[in-house]
Amino acid sequence: MKITLLNALSSREECINKDTMGGYGSATKIGNSFTARLIESIKKSGVKLPIFVLGYIAAIFLNKGHIVEYKINEIPKDSDLVIMPSSIVDYKVELEYARKIKEETKAKVGFIGPFASVKPEIYLKYADFVIKNEPESVIMEIADGNIPIGVIESQPIEDLESLPYPKWDIFPINDYSYSPMINKKPFIPILSSRGCIFGCNYCPYKAYYGKWRQRSPENIIKEIKYLKKKFNIKGLLFRDPLFTYDKERAKKIAELIIRENIKIEWACETHFDYLDKELIDILYSSGLRGINVGIESSNQEILKKATRKSASIEKQNEIVDYCHKKGIRIAAFYILGLPDDTEESILKTIEYAKKLNTIVAQFFISTPFPGTNFYEQVEENIYDNDFSHFDSYTPVFHHKNLKREQLLKLKEKAFVSYYYRPKYALRFIKDKLK
């Protein structure tokens with residue numbers, strides 16, 4: 001069987017990354033001013049991530065002897081099956097490609113991903129099937145010749161080590177990058193665990209992935225060595241939302257990287273409460289050069305009401321200061337327009353971000369992704385029902401304290417006032433000199 005993994009991308013000017021926001025995707029839109037557009041342009045060129053699960057899907061099919069190709073915006077003429085990742089930001093163009101494939105070819109069409117999982121009815125008009133939840137279990141059945149019809153639920157993989165390593169051979173890995181956090185290339189992401197222990201009601205990742213599961217340090221090191229040998233990778237990103245949740249496991253991974261003399265620079269995402277100076281030291285020695293952390297807001301009460309478990313301000317400052325001294329880049333993520341936000345609280349969050357002065361500050365607008373508790377809470381207040389606008393930069397629901405234009409202005413102010421500062425320029429120069 002010949003299988004095409006098709007990524008259908010719109011030609012919009014915004015930076016589309018489908019593997020962000022837990023797989024719903026995002027489209028960077030900062031503002032209309034020249035200064036805002038300049039920031040937007042830089043961000044577009046820095047982060048280019050593969051759709052991670054496609055690497056696993058390719059490996060499963062190839063291991064069963066199928067022919068597999070990866071295409072972007074092409075109608076496959078001779079494929080038996082086309083599998084397309086869904087996204088909230090690009091669902092219209094995904095549907096258009098599915099329609100053309102059904103009209104012009106004899107291929108079966110299937111969709112995967114979080115958005116298709118929670119809104120399968122949108123895709124079934126032009127698809128033979130939609131796989132709900134993590135897709136690998138059903139993909140294994142398809143690889144054995146059992147192509148489903150309609151909506152089919154896939155069971156999460158309990159033993160992550162039973163999966164083959166992602167097969168990146170058919171993907172354009174030289175295009176992938178994660179600057180400024182990791183500036184080494186070739187660069188590729190890796191997944192050492194799935195799921196999350198937290199229950200933030202707005203989190204799109206939580207809406208799709210189940211309980212927390214982990215791979216052993218030894219299994220992870222084998223994959224890193226494979227990637228080094230196969231692609232000579234020099235940069236790595238652990239895509240886990242909580243890489244250091246098990247501190248001992250994280251420490252063992254670092255110790256094995258050092259013991260095996262693997263020369264690599266890497267980044268991860270985690271929570272401040274699962275970091276300490278001793279752990280940071282060993283991770284740094286193994287090549288850690290970037291950490292992504294969700295701060296969301298400087299107001300602890302607003303975060304509590306959004307069911308966000310936040311580290312204390314003191315802990316955040318301690319870890320950020322220590323990482324800066326070590327030469328570890330920090331990317332801090334903020335959400336503007338949480339349900340109890342006011343203009344005053346958002347302005348305080350922006351000032352707090354400036355105080356931390358991390359190399360990356362990302363300001364998102366609060367977005368109710370379908371499948372989250374947050375979506376159910378505000379569904380009656382959603383005034384923009386075009387899901388392509390649920391891009392994490394566009395207001396889509398009536399906020400009790402803030403108007404749409406207020407939020408858009410605050411978002412642009414956050415980016416522009418953050419990046420156009422002498423103190424940030426000095427941080428950036430110091431990082432480049434290192």
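**A walk from salt bridges to sheets**

Let us start with one pair of charges: Lys-247 and Asp-276 form a salt bridge, with their closest N and O atoms 2.9 Å apart. Here a salt bridge is a side-chain nitrogen of Lys or Arg within 4 Å of a carboxyl oxygen of Asp or Glu. Lys-247 sits in helix H9 (residues 247–259) and Asp-276 in the loop between E15 and helix H10 (277–285), so this pair ties together parts that are 29 residues apart in sequence. Helices (H or I, at least four residues) and strands (E, at least two) are DSSP runs, numbered from the N terminus. Both partners are partly exposed, Lys-247 at 27% relative accessibility and Asp-276 at 24%. Buried stands for under 20% relative accessible area, exposed for over 50%, and partly exposed for what lies in between (1.4 Å probe, protein chains only).

Before going on, please note that this is a predicted model, in which local features need pLDDT of at least 70 and side-chain atom pairs count only at pLDDT 80 or more, while totals for chains, interfaces and linings use all residues. Residues are numbered from 1 along each chain as its sequence is written, and side-chain values use heavy atoms, with hydrogens and water left out.

In total, the count comes to 30 salt bridges. One of them joins Lys-64 to Asp-144, with the closest N and O atoms 3.0 Å apart. Lys-64 is in the loop between helix H2 (52–63) and E5, and Asp-144 is in the loop between helix H6 (136–143) and E9, so distant parts of the chain, 80 residues apart, are linked. Glu-134, Glu-136, Arg-194 and Arg-213 are linked in a network of salt bridges.

Now for the sheets. One open sheet has 6 strands in the order E5-E1-E6-E7-E8-E9, with parallel pairing. Its edge strands, each pairing on one side only, are E5 (67–72) and E9 (150–153). Two strands pair if DSSP finds at least two bridges between them. Inside this sheet, strand E1 (residues 2–7) runs parallel to strand E6 (residues 81–85), and 3 bridges join them; Leu-5 stands opposite Ile-83 in E6.

Another open sheet of 6 strands follows the order E11-E14-E15-E16-E17-E18, again with parallel pairing. At its edges are E11 (187–190) and E18, each of which pairs on one side only. Strands E15 (residues 265–270) and E16 (residues 288–296) pair in the parallel sense over 5 bridges, and the bridge partner of Ala-267 in E16 is Gly-290.

What covers the ground between E17 and E18? E17, helix H13 (residues 343–356) and E18 make a right-handed β-α-β unit; right-handed means that, with the strands pointing away from the viewer, the path from the first strand over the helix to the second runs clockwise. E17 (residues 329–336) and E18 run parallel, joined by 6 bridges, and Ala-331 stands opposite Val-360.

Is E18 covered or open? In strand E18 (residues 360–365), 6 of its 6 residues are buried. In a regular strand the side chains alternate between the two faces of the sheet. Val-360, Gln-362 and Phe-364 are buried on one side of E18, and Ala-361, Phe-363 and Ile-365 on the other.

Our last stop is Ile-42, which lies in helix H1 (residues 34–46) and counts as exposed at 54% relative accessibility.
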